[in-house]
There are 2 protein chains.
Amino acid sequence: MSDDRAGAVFGALADPMRRQLLTQLAAHPATATELAGGLPISRQAVAKHLNSLLEAGLLERERAGRDVRYRVTPEPLSDAVSWMAEVGGQWDERLARLSRSLGP
Amino acid sequence: MSDDRAGAVFGALADPMRRQLLTQLAAHPATATELAGGLPISRQAVAKHLNSLLEAGLLERERAGRDVRYRVTPEPLSDAVSWMAEVGGQWDERLARLSRSLGP
DNA sequence: CTAAGGTGCAACCCTGTGGTTGCAGTAACC
DNA sequence: GGTTACTGCAACCACAGGGTTGCACCTTAG
């Protein structure tokens, strides 16, 4: 099982700002500068967070001329869900169903 | 939405040692000293981790005379899964199914 | 009662990392 | 071509937190 993969995802999702960035990018793709415009932190801070999410495989970057758009690639979330379903499935019936619903 | 709840869970699961402790406690409940026996860290370090997991709602402690047993309570994992399904559901069909399968 | 083993608390390092500022590079618009 | 605007890199600061040790407390075992 891709356990370290799940670890990277959990690490990325552990930060509130990164979760906010993810949901915001879920609304629609954007550049680091655009995102920083509506947030209380600098563009470079945003860039660092986006890089973390990128390394976790949760984003993909797409160069468009002079600016870089980021969009969500949620596949790694499945690994994280699998991990949780594995640990908790024996106790919680709802989580047990998740394992089944994650089939091929 | 229990968004901060999910945050606590992600924060707890972000640490590899804590994930290992969780899986180990999933195998069967144990005390901090027992857990520390099979790990390369001190009992107090284990206790700190267990406390984190406890505050995230992922464990419950049960005093038995002079020692304290910890057991897994995986309900909060559902919140984390909900959060992920919400963010990623629009792109990934498997995650979309998770939202549905989490119903009451 | 005394000794032993388990827990809890506190103080203390030290690394990781979220945040900042500053500057260089580079693509686009006039 | 020159200016403007976005990205990328590097140095730096400050705090959180994972880890340690040491000691006090308390419950069980002999």
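This passage walks through a predicted model in which two protein chains meet two DNA strands. Local features are given only where pLDDT is at least 70 and side-chain atom pairs count only at pLDDT 80 or more, whereas totals for chains, interfaces and linings use all residues. Residues are numbered from 1 along each chain as its sequence is written, while chains are lettered from A and ligands numbered from 1 in the order in which they are written.

A good place to start is the overall plan of chain A. Its secondary structure comes to 6 helices and 2 strands; helices (H or I, at least four residues) and strands (E, at least two) are DSSP runs, numbered from the N terminus. Along the sequence the pattern reads α-α-α-α-β-β-α-α. Of the 104 residues in chain A, 38% are buried. Here a residue is buried if 20 or more other C-beta atoms lie within 10 Å of its own, exposed if 12 or fewer, and partly exposed in between, with C-beta atoms placed from the backbone. Two residues are in contact if their C-beta atoms, placed from the backbone, lie within 7 Å. Among the contacts in chain A with a separation of 6 or more, 51% join residues 24 or more positions apart.

Helix α4(A) deserves a closer look. Its 13 residues should span 18 Å at 1.5 Å a residue, and its end C-alpha atoms are indeed 18 Å apart; the expected span is 1.5 Å times one less than the number of residues. Four residues of this helix, A:V46, A:H49, A:L50 and A:L53, are buried. Seen down the helix axis, the buried residues of α4(A) fall within an arc of 100°, so they line one face of the helix; the arc is that of the directions from the helix axis to the C-beta atoms. The face turned away from this buried side carries the exposed residues A:Q44 and A:E55. The cover over the buried residues of α4(A) includes α1 (3–13), α2 (16–27), α3 (32–37), β1 (59–64) and β2 (67–72) of chain A. After the helix comes A:G57, whose phi is positive, near 80°.

One residue that touches this helix is A:R18, which sits in helix α2 of chain A. A:R18 counts as buried because it has 20 or more C-beta neighbours, namely 21 inside 10 Å. Leaving out residues up to four places away in sequence, A:R18 touches A:A12, A:L13, A:H49, A:S52 and A:L53. The C-alpha atoms of A:R18 and A:L53 are 7.5 Å apart, although 35 residues separate the two along the chain.

Next come the strands. In chain A, β1(A) and β2(A) run antiparallel and are joined by 6 bridges; strands pair if DSSP finds at least two bridges between them. In this pairing, A:R61 has A:Y70 of β2(A) as its bridge partner. The two strands form a hairpin with 2 residues between them, and A:G65 in the turn has a positive phi of about 70°. In chain B, 6 bridges likewise join the antiparallel strands β1(B) and β2(B), with B:R63 bridged to B:V68. This hairpin also has 2 residues between its strands, and B:G65 in the turn has a positive phi of about 70°.

Helix α1(B) brings the two chains together. Its buried residues are B:A6, B:A8, B:V9, B:F10, B:A12 and B:L13, and what covers them includes α1 of chain A together with α2 (16–27), α4 and α5 (75–88) of chain B. Within this helix, B:A8 has 20 C-beta neighbours inside 10 Å and so counts as buried. Beyond its neighbours within four places in sequence, B:A8 is in contact with B:E55 and B:A56.

Finally, the DNA. A residue is near a strand if its C-beta atom, placed from the backbone, lies within 6 Å of it. DNA strand C is surrounded by 20 residues, of which A:S42, A:G65, B:T31, B:T33 and B:D67 are the closest. Two or more residues each come from α4 (43–55) of chain A and from α3 (32–37), α4 (43–55) and β2 (67–72) of chain B. The largest share, 5 residues, comes from α4(A). By class, this surface has 6 nonpolar, 8 polar and 6 charged residues; Ala, Val, Leu, Ile, Met, Phe, Trp, Tyr, Cys and Pro count as nonpolar, Asp, Glu, Lys and Arg as charged, and the others, Gly among them, as polar. Around DNA strand D there are 19 residues, with A:T31, A:T33, B:S42, B:A45 and B:G65 nearest. Here α4(B) gives the most, with 4 residues.
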